[in-house]
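Please open the model in your viewer, with a selection panel at hand. The tour below moves from one selection to the next and says what is to be found at each stop.

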Amino acid sequence: MSVRAMGVLGQACRLGRCAQVLRQSHRSAPAAFNIALGSQHSPGALSLRRYSTETKQASGTVVDKHEFQAETRQLLDIVARSLYSDHEVFVRELISNASDALEKFRYTSLSAGGENLAGKDRPLEIRITTDKPLMQLIIQDTGIGMTKEELVSNLGTIARSGSKKFLEQMKETQQGASSEASSNIIGQFGVGFYSSFIVANKVEVFTRAAVPDAPGLRWSTDGSGTYEIEEVPDVELGTRIVLHLKTDCREYADEERIKAVIKKYSNFVGSPILLNGKQANEIKPLWLLEPQSISKEQHHDFYRFISNSFDVPRFTLHYNADVPLSIHALLYFPEGKPGLFEMSRDGNTGVALYTRKVLIQSKTEHLLPKWLRFVKGVVDSEDIPLNLSRELLQNSSLIRKLSSVISTRVIRFLQERSKKQPEEYEAFYRDYGLFLKEGIVTSSDASEKEEIAKLLRFESSKSETASGRMSLEEYYNAVPAEQQNIYYLAAPNRVLAESSPYYESLKKRNELVLFCYEPYDELVLMQLGKFKRKKLVSVEKEMREESKETTTTADFGEGSLLRSELDALIPWLEEELKGQVIKVKATTRLDTHPCVITVEEMAAARHFIRTQSHQVPEQNRFALLQPELEINPKHPIIKKLNKLRESDKDLAQLIAKQLFANAMVGAGLAEDPRMLLTNMNTLLSRALEKY
């Protein structure tokens, strides 16, 4: 139950012995109104059973007068003030009622007995008139109209839906033939009419049923305690509602204000809506049309309308389904680059939710996951569970199912575009790839992560240009089946990636490596973990894992330091770099670089340095990172350092610290590279002492 609905119930309970008083009233005064929950008319309805009085006016007209009971007046006030979150939705509710009346007439005229209907050839339309001087808003339809009994039943019962009863009758009489008509009937709760009291201090309803010799009727109330029904002349077929607006709601007597509300909520109602003689709903609900019948120009106009933008859609997904849910979706992928609000996760999604062509929410939370917030469009579903005011969604399991179905279809659609329109998809990926990566990080479904991962694109060690990006699926198919890992390397650009010390050994072995240039790429791949049973492994982690297997008897090759020299150099380095490295060891994985830093999870370590390291003292920072220094015993600098630690300890210490600092920068783990300058300048001074 929604918070607002709970508030309404709370207020109902605070009416003071409401149910008890009503039961006593029914027993002691059968002539009075009583509110019967679950009455014979409609289960769950609040039925206003009446004691009517008839008075005869001077003109001879008989006025049937009905008195609301006190508790009923208070409940009407709750409906008017608490049920709807936004005052303007009363226009949507009354237009929806008018649309239902037209659909009922249209269906009845085609059914058995329809030949007896009056005025069968009249135009079926909704007419809205604003009158500023009189502070009136008039909403009229040329639909089925109401008899006196229907007036009492439909307007004298809160939460009794005439549309719902009509649908039930259709199912009983013409089960198979009623599906199209039922999809056009909007109402279901029977409270929409009472939204009039949000803005009006008096409501008049003029109606004439579309049956032969039906009299014109006027129903009116000021909401203060009574309503009247009388026969009046010159009433057109259909229903006309006259709202006498409250002073603080006079804005709804303004044409532009009503036009804006129609555009927002009821622009796609099937029947014409004439506002002061001009049609106000000219845009068609494209999502209900056959995809082949819609032109590119129509898509462009509709996209601009629903997205309030001036570009055109890059891709268009028109999707219809009956199972597992009834869904009509028309989704657009913008051509323009994402704006600042779209980049923020606090922004709303761009998909509007409709039910039977009537807007429920313009920005619907949970209909699509946050990472798809750049998608614009419309989703229309008859299966959406709504609360009483038709503003909030209920039954979260169905909403999750709807979201899952649409998200899956969007992912599959993008996969299709990447194969059928690779150049267009490449341009899309450059602009919106960040959102796809966000989807992998935020999704809790492993299978969904892998489906999104098929959309990712990276340069590789074997691609010659930036346009030759590779997908994970292409990598998977390119390497031998027995290879267990997918290797990737994070670097700011291709030049640094190819010259990285971590890439040297893999380059020698001609291994395929993906290059990740964005800072968050390696976090995304770390979150993904594996793709089609192959592990995603950073080259830094691969290097660290392989170095664990290096034994003390490893052959470092010709020209390297002797084992005895290494046994002396390594402890010396560990002492000089105490508190900064946890271990120093020799490696065979390096060729042109003197040394390299490895940590257990390089991606997480780099993320920590970028986001949180400034909050941690330096000593604690190294304790958290636990870096290992791996040296190349064949490199000239390492061999010279081994000699200097005996002949010039001060210079050897400077070189050792500089090597460590250089390795930290190369690993992307230096909090501030400017700290290198002090030690580097001292080294330069020592180098120039002899000249």
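Two strands are taken to pair if DSSP finds at least two bridges between them, and the helices (H or I, at least four residues) and strands (E, at least two) named here are DSSP runs, numbered from the N terminus. This is a predicted model, in which local features need pLDDT of at least 70 and side-chain atom pairs count only at pLDDT 80 or more, while totals for chains, interfaces and linings use all residues. Residues are numbered from 1 along each chain as its sequence is written, and side-chain values use heavy atoms, with hydrogens and water left out.

**First stop: the five-stranded sheet**

Select residues 350–355, which form strand S16, together with residues 376–380, which form strand S18: the two run parallel and are joined by five bridges. Within S16, pick out Gly350, which stands opposite Lys376 in S18.

Now widen the selection to the open sheet to which these strands belong, whose five strands come in the order S14-S15-S18-S16-S17 with mixed pairing. Its edges are strand S14 (313–321) and strand S17 (358–361), each of which pairs on one side only. On average, neighbouring strands of this sheet are turned by 25° against each other, direction ignored; here and below, axes are lines fitted to C-alpha atoms, for helices over the stretch in contact, and angles run from 0 to 180 degrees between N-to-C directions.

Add helix H12 (residues 422–442), which packs on the sheet and touches S14 and strand S15 (327–334), its direction making about 100° with that of S14. Contact, here and later, means heavy atoms within 4.5 Å.

Next, follow the chain from S14 to S15, which a hairpin joins through five residues; the two strands pair in the antiparallel sense over eight bridges. Which residue stands opposite Leu317 in S15? It is Leu331, and the bridge partner of Leu331 in S18 is Gly377. S15 and S18 also pair in the antiparallel sense, over five bridges. Colouring by accessibility shows S15 as mostly covered, with seven of its eight residues buried, where buried means under 20% relative accessible area, exposed over 50%, and partly exposed in between (1.4 Å probe, protein chains only).

Before leaving the sheet, select Arg356 in the loop between S16 and S17. Arg356 has a positive phi of about 55° although it is not a glycine, and with a relative accessible area of 18% it is buried.

**Second stop: another positive phi, and a strand residue**

Go to Asp213, in the loop between strand S8 (200–208) and strand S9 (217–221). Asp213 is likewise not a glycine and has a positive phi of about 60°; is Asp213 buried or exposed? At 79% relative accessibility, Asp213 counts as exposed.

Then select Glu228 in strand S10 (residues 226–231), which is partly exposed at a relative accessible area of 23%. Leaving aside residues up to four places away in sequence, Glu228 touches Val63, Asp64, Lys65, Arg218, Trp219 and Ser220. A C-alpha to C-alpha distance drawn from Glu228 to Val63 should read 6.6 Å, although the two are 165 residues apart in sequence.

**Third stop: helix packing**

Select helix H23 (residues 649–666) and helix H24 (residues 676–687), which pack at an angle of about 140° with their axes 10 Å apart. That angle makes H23 oblique to H24, given that angles under 35 degrees count as roughly parallel, over 145 as roughly antiparallel, 65 to 115 as roughly perpendicular and the rest as oblique. Among the residues making the contact are Leu651, Leu654 and Ile655 of H23 and Met680, Leu683 and Arg686 of H24.

Keep H23 and add helix H19 (residues 563–576), which packs against H23 at an angle of about 75° with their axes 10 Å apart; H19 and H23 are therefore roughly perpendicular to each other. Trp572, Leu573 and Glu576 of H19 meet Ala652, Gln653 and Ala656 of H23 in this contact.

**Last stop: a covered helix**

Finally, select helix H17 (residues 521–528), six of whose eight residues are buried, so that H17 is largely enclosed by the rest of the structure. The buried residues are Asp521, Glu522, Leu523, Val524, Leu525 and Leu528. Following H17 comes Gly529, with a positive phi near 80°.
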